[in-house]
Amino acid sequence: MGGFAWGRLAVTQAEGPLAGWVGWVGMTGLTFLVALVGALLAVVAVERRTPALARAVLVTGLAAVLLAWPAFPTAVSGTARVAAVQGDSEAGLFAARERGAILQDHYDATRPLFDAGEELDLVVWPENASDIDPLRDEYSASVLDAVTRNLDAPLIVGTITQEGEETFNSALLWRSGEGSVDQYDKIHPVPFAEYLPERDFFYPLAPDLFDLVPRDYSFGQRDTILDDAELIARGIVTGIAICYDIVDDDLLARMIDEGATLIAAPTNNADFGRSDQNVQQLAIARLRAIEQGRSVVQASTVGASAIIGPDGRDIDSLPLYEAGYMVAEVPLSSSVTPAHALGRTLEFGLGMLGLSSLALAALHLGRAGRRAVDPRRSGPLGSSAASPEQRR
């Protein structure tokens, strides 16, 4: 089902001293480095056959290399003036709200921008920011038209769309008078939340629980970028990752391969309340910025929302559970980081290294055990190495 990448050790370094390494070796490589340091410290603490000085030199040398190694230098190809909005909406799955309330919240949070005099290239709203599908509802479409007309900029907006019998968690690129000029459908919906894997098997095990997942979102099949001719002419190609998509290595690599110079990460964290999930997701987005050498614009319904540069630093951010907007000059880049160039190669190599190490250790222990109990081993005078008492 894709694994639970929220628990990767790399995420601990989002604001830590090893964060720059993710641009060289990716999320898997950074996870390995964190594990390596931890394992080395444990070995040094229990190993007594090696002199203390040698152990200290080993740990100090490795730490010095890891800490002094520079981050990958991302080349900037231009900038884009981007706004991102947080509506502070009651946007939870089972929240008691009126139809259109989330759309209204985000419209209200955006309105102060109408008279701010900002010349914008792009505006980003969160996942599900329009709780009424503008592709099927004239009122919702008119609200988005008003936003894009007043700001004179295209809008990325999250909504739920339908195509035949299928339902998608979608992001639309909206222009006034044109409507949706491009669309992305979430490629990695959340198992046991946005769809129930093997429903016929799991549902009877806990029907009351799985009634909370009444419908299964379909897996998106579109490309991973939102753009049109006008944005492309200005070098703005926006890769899109809706919420849980941000943990998918292949999806992030795909959007860079498809030409993304900027990453938008709209999300809806309202179901998680004031838990740490909100900032954990921002930590993952921060590492993705460094890993892929792209600015990331994370817009959440309730937070954490931030605009992050390719170096992983906040360009702007919003407090949790406060409506507002961010406007920033965002660096664009078409650089290819070593992490992206390596792709999954390093991951497979580290996996093979681990399996090979386990196999060699098992072989060594097996041989050592056989030597310890082999009765045919002889002493220096040809007699058995074991004493008569031991043989008995």
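What follows helix α9, and is its phi positive or negative? Gly293 comes right after α9, and its phi is positive, near 65 degrees. Keep in mind that what you're looking at is a predicted model.

## Helix α9

Let's stay with α9 for a moment, which covers residues 277-292. Its 16 residues, at 1.5 Å a residue, should span 22 Å, and the end C-alpha atoms sit 23 Å apart, so the expected span and the model agree. The helix is also mostly covered, with 14 of its 16 residues buried.

## Helix α1 against α2

Next up is α1, residues 22-46, and its partner α2, residues 52-68. Their axes come within 10 Å and cross at roughly 165 degrees. Anything over 145 degrees counts as roughly antiparallel, so that is how α1 runs relative to α2. The handedness of this crossing is left-handed.

Who makes the contact? On the α1 side you'll find Leu33, Val37, Leu40, Leu41 and Val44, while α2 brings Arg55, Leu58, Val59, Leu62 and Leu66. Sorted by class, that gives nine nonpolar residues, no polar ones and one charged. The spacing along the chain is worth a look too: an α-helix has 3.6 residues a turn, so residues three or four places apart point the same way.

## Helix α1 against α11

α1 also meets α11, which spans residues 345-373. Here the axes come within 9 Å and cross at roughly 25 degrees. With the cut-off for roughly parallel being under 35 degrees, α1 and α11 are therefore roughly parallel to each other. This is a left-handed crossing as well.

In this contact, α1 supplies Val25, Thr28, Gly29 and Phe32, and α11 answers with Leu346, Glu347, Leu350 and Leu353. The class breakdown is five nonpolar, two polar and one charged.

## Glu166 in strand β4

Away from the helices, have a look at Glu166, which is found in strand β4, residues 166-175. Is Glu166 buried, exposed or partly exposed? Its relative accessibility is 38%, and because the partly exposed class lies between 20% and 50%, Glu166 counts as partly exposed.

As for its surroundings, Glu166 is in contact with Thr161 and Ser218, once neighbours within four places in sequence are set aside. Then there's Arg215: it is 49 residues from Glu166 in sequence, with a C-alpha to C-alpha distance of 9.9 Å in space.

Conventions. Residues are numbered from 1 along each chain as its sequence is written. This is a predicted model: local features need pLDDT of at least 70, side-chain atom pairs count only at pLDDT 80 or more; totals for chains, interfaces and linings use all residues. Side-chain values use heavy atoms; hydrogens and water are left out. Axes are lines fitted to C-alpha atoms, for helices over the stretch in contact, and angles run from 0 to 180 degrees between N-to-C directions. Helices (H or I, at least four residues) and strands (E, at least two) are DSSP runs, numbered from the N terminus. Angles under 35 degrees count as roughly parallel, over 145 as roughly antiparallel, 65 to 115 as roughly perpendicular and the rest as oblique. A crossing is left-handed if the near helix is turned anticlockwise from the far one by less than a right angle, and right-handed if clockwise. Contact means heavy atoms within 4.5 Å. Ala, Val, Leu, Ile, Met, Phe, Trp, Tyr, Cys and Pro count as nonpolar, Asp, Glu, Lys and Arg as charged, and the others, Gly among them, as polar. The expected span of a helix is 1.5 Å times one less than its number of residues. Buried means under 20% relative accessible area, exposed over 50%, partly exposed in between (1.4 Å probe, protein chains only).
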